[in-house]
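Open the model in your viewer and keep the selection tool at hand. The stops below say what to pick next and what is there.

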Amino acid sequence: MGRPVFVLFGSSIVQYSFSNGGWGATLADVYARKADIVLRGYIAWNSRRALQVITKIFPKDSAVQPSLVVVYFGGNDSIAPHPSGLGPHVPLEEYMNNMRKIGEHLKSLSDKTRVIFLSCPPLNEEVLKKSTSTALSEIVRTNETCRLYSEACISVSKEMDIKVVYLWNAMQKREDWATACFTDGLHLSEEGSNIVVEEILRILKEAEWDPCLHWQAMPTEFGEDSPYDLVASSGKSTINPSEWTFHRKISWE
C-alpha cells in the first residue's frame with residue numbers, strides 16, 4: 001500500500017496554496033512521510049467549471065482513491081454578475097446545488113474518502129480594489145456576498161454531513177485580519193494560511209474517522225530505527241530523527 005493521498009481542490013486560494021508560506025505547503029510539511037498532498041487548484045474557477053471536470057480529476061474507476069479531499073469554491077461564484085453574461089458569477093441557489101453535486105461525487109469515490117469544505121473567507125474590499133489589474137473589467141466583490149456564499153457552503157455541508165471550515169468566522173477572530181491575512185485583499189498571506197491549517201488540523205483531530213487522518217495518528221513511512229541513523233553522543237548507538245519537528249516555526253497540534 002502506498003501513502004494516503006490528500007487532494008486540495010479549488011480555485012486560486014488552492015492554486016496559490018504552495019506559494020509564500022501557503023497552507024498547502026504547510027500541510028505537505030506536516031504530513032511529510034505520512035501522506036502525499038496533491039494540488040488541483042485552478043485560478044478564477046467557479047463551481048460550474050469544477051463540475052464540468054470533476055469526473056476527470058476524480059474518476060470513480062481510479063485504482064487509488066484519495067483518503068481526503070479539501071474543497072474550496074465560492075469566492076468567484078460570489079462575484080456580481082457582469083452585464084454581458086460573461087464571467088464567473090453563479091447564483092446562490094445554483095452554487096449550493098453545485099456544491100451538493102461535488103460533495104456527492106467525492107463521497108462516492110470510496111468508503112474511506114473523507115471530504116472537508118472550506119467556506120468563503122472575508123476580504124479587504126479597499127485593498128482588493130487597488131490591487132485589481134486594469135486589464136480586467138470591474139470586478140464587484142463584497143464582504144456581504146462572501147458572507148452569503150460562506151453561509152450557503154455551511155448549510156450544504158451540514159445537510160450532507162460534510163466537515164467544513166468556517167473561514168468567514170475563523171479569520172475575523174483576529175483583530176487585524178483585514179491587513180494580516182491577505183496579500184492583495186483577497187488571496188491568503190502566510191498568516192491567513194496558518195488559520196486554514198489550524199482549522200483543518202482541528203477537524204482532522206476531532207473527526208471520528210477510521211482510520212484517523214490527523215498527522216500525529218498516522219504512521220511515518222520507513223520510520224524504524226536503523227544503524228544508519230545519526231550517531232548519538234555516546235558513540236554507541238544511533239538516534240532516529242524520523243519524528244523530529246523542530247524545524248517548524250509553528251508547533252502544530
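**Stop 1: loop residues with positive phi**

This is a predicted model. Select asparagine 20. Is asparagine 20 buried or exposed? Its relative accessibility is 63%, so asparagine 20 counts as exposed. Look for it in the loop between helix H1 (12–15) and H2. Check the backbone here: phi of asparagine 20 is near 55 degrees, a positive value in a residue other than glycine.

Go on to alanine 44. Phi is near 75 degrees here, again positive in a residue other than glycine. Alanine 44 sits in the loop between strand E2 (36–41) and helix H3 (47–57). With 44% relative accessibility, alanine 44 counts as partly exposed.

**Stop 2: helices H2 and H9**

Select residues 23–30 for helix H2 and residues 190–206 for helix H9. How do the two axes meet? They come within 8 Å and cross at roughly 45 degrees. An angle between 35 and 65 degrees falls in the oblique class, so H2 and H9 are oblique to each other. The crossing of H2 past H9 is right-handed.

Now show side chains at the crossing. H2 supplies Trp23, Thr26 and Leu27. H9 supplies Ser193, Val196, Val197, Ile200 and Leu201. Sorted by type, the contact has six nonpolar residues, two polar and no charged.

**Stop 3: the loop between E4 and H5**

Select serine 119, found in the loop between E4 and H5. The relative accessible area of serine 119 is 0%, so the residue is buried. What does serine 119 touch beyond four places in sequence? The list is Tyr72, Ser150, Cys153, Ile154, Val164, Val165, Tyr166, Leu167 and Trp168. Put a distance label on one pair: a polar atom of the serine 119 side chain is 3.1 Å from the backbone nitrogen of leucine 167.

Stay in this loop and select asparagine 124, which lies between strand E4 (114–118) and helix H5 (125–131). Asparagine 124 has 12% relative accessibility and therefore counts as buried. Label two more distances. A polar atom of the asparagine 124 side chain is 3.3 Å from the backbone nitrogen of glutamate 126. The asparagine 124 side chain also reaches the backbone nitrogen of valine 127, at 3.1 Å. Setting aside neighbours within four places in sequence, asparagine 124 contacts Ala178, Thr179, Phe182 and Gly185.

**Stop 4: a long reach**

Keep serine 119 selected and add phenylalanine 222. How far apart are these two residues in space? The C-alpha atoms are 36 Å apart, with the two positions 103 residues apart in sequence numbering.

**Stop 5: the loop between H9 and E6**

Select proline 211, in the loop between H9 and strand E6 (230–231). Show the bond to aspartate 210: this peptide bond is cis, with omega about 5 degrees.

Glycine 223 lies in the loop between H9 and E6 as well. Its relative accessible area is 28%, so glycine 223 is partly exposed. Which residues does glycine 223 touch, not counting those up to four places away in sequence? They are Arg33, Asn240 and Ser242. Finish with a C-alpha to C-alpha label from glycine 223 to proline 241: the two are 18 residues apart in sequence and 8.6 Å apart in space.

Notes: Residues are numbered from 1 along each chain as its sequence is written. This is a predicted model: local features need pLDDT of at least 70, side-chain atom pairs count only at pLDDT 80 or more; totals for chains, interfaces and linings use all residues. Side-chain values use heavy atoms; hydrogens and water are left out. Axes are lines fitted to C-alpha atoms, for helices over the stretch in contact, and angles run from 0 to 180 degrees between N-to-C directions. Helices (H or I, at least four residues) and strands (E, at least two) are DSSP runs, numbered from the N terminus. Angles under 35 degrees count as roughly parallel, over 145 as roughly antiparallel, 65 to 115 as roughly perpendicular and the rest as oblique. A crossing is left-handed if the near helix is turned anticlockwise from the far one by less than a right angle, and right-handed if clockwise. Contact means heavy atoms within 4.5 Å. Ala, Val, Leu, Ile, Met, Phe, Trp, Tyr, Cys and Pro count as nonpolar, Asp, Glu, Lys and Arg as charged, and the others, Gly among them, as polar. Buried means under 20% relative accessible area, exposed over 50%, partly exposed in between (1.4 Å probe, protein chains only). A polar contact is a pair of N or O atoms within 3.5 Å; within protein, one must be able to donate a hydrogen and the other to accept it, and residues adjacent in sequence count only if both atoms are side-chain atoms.
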